[in-house]
Amino acid sequence: MPVGSDTDGAYIVPADEGTIEVTAVDDLSLPGDLGLVLKIDVEGSELASLRGAEKTLRAAPFFVVLFEAHPDVMKRTGHVPIECIRFLDALRPCRWMLSSSDTKLDLTQPFFPQLEAVVKRDVIVYTIPRTAAG
């Protein structure tokens with residue numbers, strides 16, 4: 001188990017028994033006329049997962065993306081949670097909220113210094129459904 005990880009993240013350690021097959025969301029060929037809900041739990045690889053779903057996210061009439069922002073995972077991996085929100089907001093304007101917090105995030109600033117307490121947060125990023133006309 002990597003130093004500093006908990007038992008929930010223990011499965012990410014490479015094993016001699018084999019590999020885990022990974023498929024990008026875009027490779028699933030999901031219908032473009034349906035909304036999309038993604039719950040991502042990949043121990044610091046959230047941005048890579050979102051990049052693998054970019055085409056599907058762009059095509060969906062609306063999306064909801066949920067992921068955990070954890071300061072220990074950020075320290076261990078160097079992956080910055082605010083980049084996920086920036087990526088999604090660049091695809092099309094989004095709204096976002098944090099669990100257990102009324103903090104209004106500034107996307108130009110680092111994530112954790114904006115919080116009243118540096119603890120893990122569930123992040124929900126979503127779009128408003130497109131109408132048939134737009």
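In the predicted model, L36 is buried, because its relative accessible area of 9% falls under the 20% limit for burial. This leucine is found in strand β1, which comprises residues 36–40. When residues up to four places away in sequence are not counted, L36 touches L30, T56, L57, A60, F62, F63 and V64. A further relation links L36 with P61: the two are 25 residues apart in sequence, yet their C-alpha atoms are 8.1 Å apart in space.

A second leucine, L107, lies outside the helices and strands, in the loop between β3 (95–98) and β4 (121–126). L107 has a relative accessible area of 17% and is therefore also classed as buried, the limit being under 20%. Its contacts, leaving aside neighbours within four places in sequence, are I82, I85, R86, D89 and W96. Of these residues, R86 is separated from L107 by 21 residues in sequence, while the C-alpha to C-alpha distance between them is 6.5 Å.

The charged residue E46 was examined in the same manner. E46 is placed in helix α1, which covers residues 46–51. E46 is buried, yet has no salt bridge. The nearest side chain of opposite charge belongs to K39 and is 7.7 Å away from E46; a salt bridge is counted only within 4 Å, so this pair does not qualify. With neighbours within four places in sequence left aside, E46 is in contact with I40, F67, E68 and C84. One of these contacts, I40, belongs to the range of residues assigned to strand β1 (36–40).

Methods:
Residues numbered from 1 in each chain as written. Predicted model: local features only at pLDDT ≥ 70, side-chain atom pairs only at ≥ 80, totals over all residues. Heavy atoms only, no water. Helix = DSSP H or I, 4+ residues; strand = E, 2+ residues; numbered from the N terminus. Buried < 20%, exposed > 50% of the residue type's maximum accessible area, 1.4 Å probe, protein only. Lys, Arg positive; Asp, Glu negative; His and termini not counted. Contact = heavy atoms within 4.5 Å.
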